[in-house]
Amino acid sequence: MRAPERDGGDFSRPGAVVYAAEWARAVRRIGFVPLSAAETERLLVPFTERLAGALLTPAFSARPAEEVGRALVEAHLTEPGVLDWSVQALGDRFLPWVLPARPEGPELRERVAALQGALAAGFARALRDRVFAQQERIARSAWQARDTVEQALRDSEARFRAVFTGAAIGIGIAGVDGQIIEVNQSFADMLGYTVAEMRRMNVSALAHADDAAGMWEIYQELIEGKRDSARVEKRYYRKDGSIVWTDLAVSLIRHDDGRPRFTVAMIEDITERYELQQRLRFQALHDPLTGLPNRTLFFEKLGGVFDTAGPEQRVGLCFIDLDGFKAVNDSLGHDLGDRLLQVIARRLSDCVSSRGHVVARMGGDEFVILVDSGGGLDDAVEVAELALAAVSAPVQVADQQLAVSASIGIVDCPAAETSVGELMKAADTTLYWAKAEGRGRWAVYDPERSAADIARSALAANLPAALDRGEFVLHYQPIVSLLDGSMVAVEALVRWQHPELGLLGPDRFIGLAEETGLIVRLGAWVLRQACRDTEAWRRAHPDTTPVVSVNVAARQADDPAIVETVAEALQHTGLPAELLQLELTESAVMGSAGEPLRALHQLADLGLRLAIDDFGTGYSNLAYLRRLPIHCVKLAGPFVEGIRGDGADAVADHRDERIVDALVRLAHALELSVTAEAVETEVQAERLRALRCDTGQGRLFGAPMPADAIRARLAE
């Protein structure tokens, strides 16, 4: 849009800008403006100056106002209120703002009136011209659209005819009664008929006997007008009796009033694609090495069992894993291992498939049998026995005769009481039980045992967090002199103050800590806490402070940082080294060599004491024992329990007493002190005293107790 030219004149340009700003605000209040506020103001400033110039020019003409009115329409400021405000403001506000120095007179007022009329006239003419132009464009577009539609219809009919006759896919038109009206040559060739022969046929004559259930119902709904289209994969018989697989898409054509008129079918021959899909599906669902169903197909079949199972139906499973198969691969090579798997797979399939059971390879050397469990657990056990027998028979592979065995986990339960995931988890757990019990056997799932294992696993999983949260506590069991009954030492025994299960003894979690490797961290904590407690006793009772004996697990003893850990515990707590004793099992100490043996000597060099726990149950290598920096041995509890003196078995008592006597003499010969564990009765204590045993530990002298109880005992 071109802004009107300014005639010039003596007017207030700041006033013109203020007037234009007021004009712009009024325009934006009145209606929609396709410009921003700043753009609207910039547009109206030259209009204001143009009107001011027209008032001041000696040769007056109202034409500039007409041009401004037309320019407003060209700028799309076409709201009627815009014209009203512009005309009224030209009379009321224009002179005070734009021509403040000009006194009003009759001539000036006449000019203003003329400008108002010209502005309105220019606005109206421009608006009229714009409407006429739009009407003309609409009429021209309507004629063009009609011509285009008619031409498109002719073109569409021609294209449809060309597509119908020349299409590579089959096309057929049938009435709602199923009678074929027209087919193209491709459809006729696909089924081996002529076009004329197919025009005399009904759609129902082409239906295949094994069509998917419900497909004919879909077609009936189509011709009844209940649906507008359908697409299925369908088989047809050719004229010669062979089968062709097709991708069939059927659409319903209706009358103008909505009534079904006829159906149009498009049929593509997908026989080659279908056969390829079947081959690919077989490959995707079967193990390439053995040809057995793979885990995907197995879970598909297992899921089908659960989907169709009745309330009382049972599901049985045998989870099979070959024993020691890795050794076959490692020693004889993977090629021979693969051939062995092929033989095993064939045997498993031959021995159970004929009975209706499904054998699948889960991967590696794992197989699974889905048992047709009509007879319950007995059927599953019978299948497991057959499988073990099939696997255990010698296998001749190339020039190697191999003997293999398998472990089998058996699960049999009502389908309503489990799920696919729970069933497989139970089978895997049971297989683990079978392997743990030895090779070549099966185990049956036991829910109670599984619950215990789960609880044990939960404890193992919670151990690290429990240690971080400070849930472990120490209890101390007194070790007393058998000569005078004084408490000379205590053994630190760890307990777990579980927030839900209460106080747990070490038998519930020490084994888990050793399996998970947490025993090193836990043992370091026990060591530091025992040193702190003993140092507190020493400060309170320096003359009667007992030695604290701390158990060290085999993995702790093998830890390269064991010496540093012990030294730091002593340094941080201030406990004198002579008040600390470390207990190691006989098997751990006797197996030490190299670095572990050096670690024992370094520990002894710190000034602390070393003791062998459960002495008499391990290697008992006396020559090696002489080389160790050991200060004390603790007799294993079973030997002490054997000298009960209750008359139950005098021969056994005498034998155990002789063993204890020999062990005490041996220890003393090696200049070692002896502590007897599990002392429960005065008779045992008296006999141990007679055998010159140095100290005793057990319920007779006090049960494990908290640190505060030991402090109270020292204060007595």
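1. Let me start inside a sheet: S251 stands opposite V264 in β5. Strand β4 (residues 243–254) and strand β5 (residues 260–269) run antiparallel and are joined by 9 bridges. Strands here are DSSP runs of E with at least two residues, helices are runs of H or I with at least four, and both are numbered from the N terminus. Two strands count as paired if DSSP finds at least two bridges between them.

2. Before going on, a word on the model. It is predicted, with local features needing pLDDT of at least 70 and side-chain atom pairs counting only at pLDDT 80 or more, while totals for chains, interfaces and linings use all residues. Residues are numbered from 1 along each chain as its sequence is written, and side-chain values use heavy atoms, with hydrogens and water left out.

3. Back to the hairpin of β4 and β5, which has 5 residues between its strands. In its turn, G258 has a positive phi of about 95°. Beside that turn, R254 has P260 in β5 as its bridge partner.

4. On the other side, β3 is joined to β4 by 9 bridges, again in the antiparallel sense. S229 stands opposite S251 in β4, the residue that also faces V264 in β5. The hairpin of β3 and β4 has 5 residues between the strands, and G241 there takes a positive phi near 95°.

5. These strands belong to an open sheet of 5 strands, ordered β2-β1-β5-β4-β3, with antiparallel pairing. β2 (180–183) and β3 (229–237) are at the edges with a single partner strand each, so one side of each has no neighbour in the sheet. Direction ignored, neighbouring strands are turned by 25° against each other on average. Helix α10 (residues 271–285) packs on this sheet and touches β3, β4 and β5, its direction making about 120° with that of β4. Contact means heavy atoms within 4.5 Å; angles run from 0 to 180 degrees between N-to-C directions, and axes are lines fitted to C-alpha atoms, for helices over the stretch in contact.

6. Another open sheet of 5 strands has the order β7-β8-β6-β11-β12, and its pairing is mixed. Its edges are β7 (358–363) and β12 (442–444), each with a single partner strand, so one side of each is left without a neighbour in the sheet. The twist averages 20° from one strand to the next.

7. Within that sheet, β6 (residues 314–322) and β8 (residues 366–371) pair in the antiparallel sense over 6 bridges. G316 has V371 in β8 as its bridge partner. Helix α14 (residues 377–392) lies across β6, β8, β11 (406–414) and β12, at about 165° to β11. Helix α15 (residues 420–436) also packs on the sheet, touching β6, β7, β11 and β12, with its direction at about 140° to that of β11.

8. Do look at the helix pair α2 (residues 37–56) and α3 (residues 63–74), whose axes come within 9 Å and cross at roughly 165°. The two are therefore roughly antiparallel, a label for angles over 145 degrees (under 35 is roughly parallel, 65 to 115 roughly perpendicular, the rest oblique). Among the residues that meet are L44 and F47 in α2 and V68 and L72 in α3.

9. Finally, the whole protein chain has 27 helices and 22 strands. Its radius of gyration, 51 Å, is well over the 27 Å that the globule rule gives for 716 residues, so the chain is more spread out than a compact globule. The radius is taken over C-alpha atoms, and the rule is 2.2 Å times the number of residues to the power 0.38.
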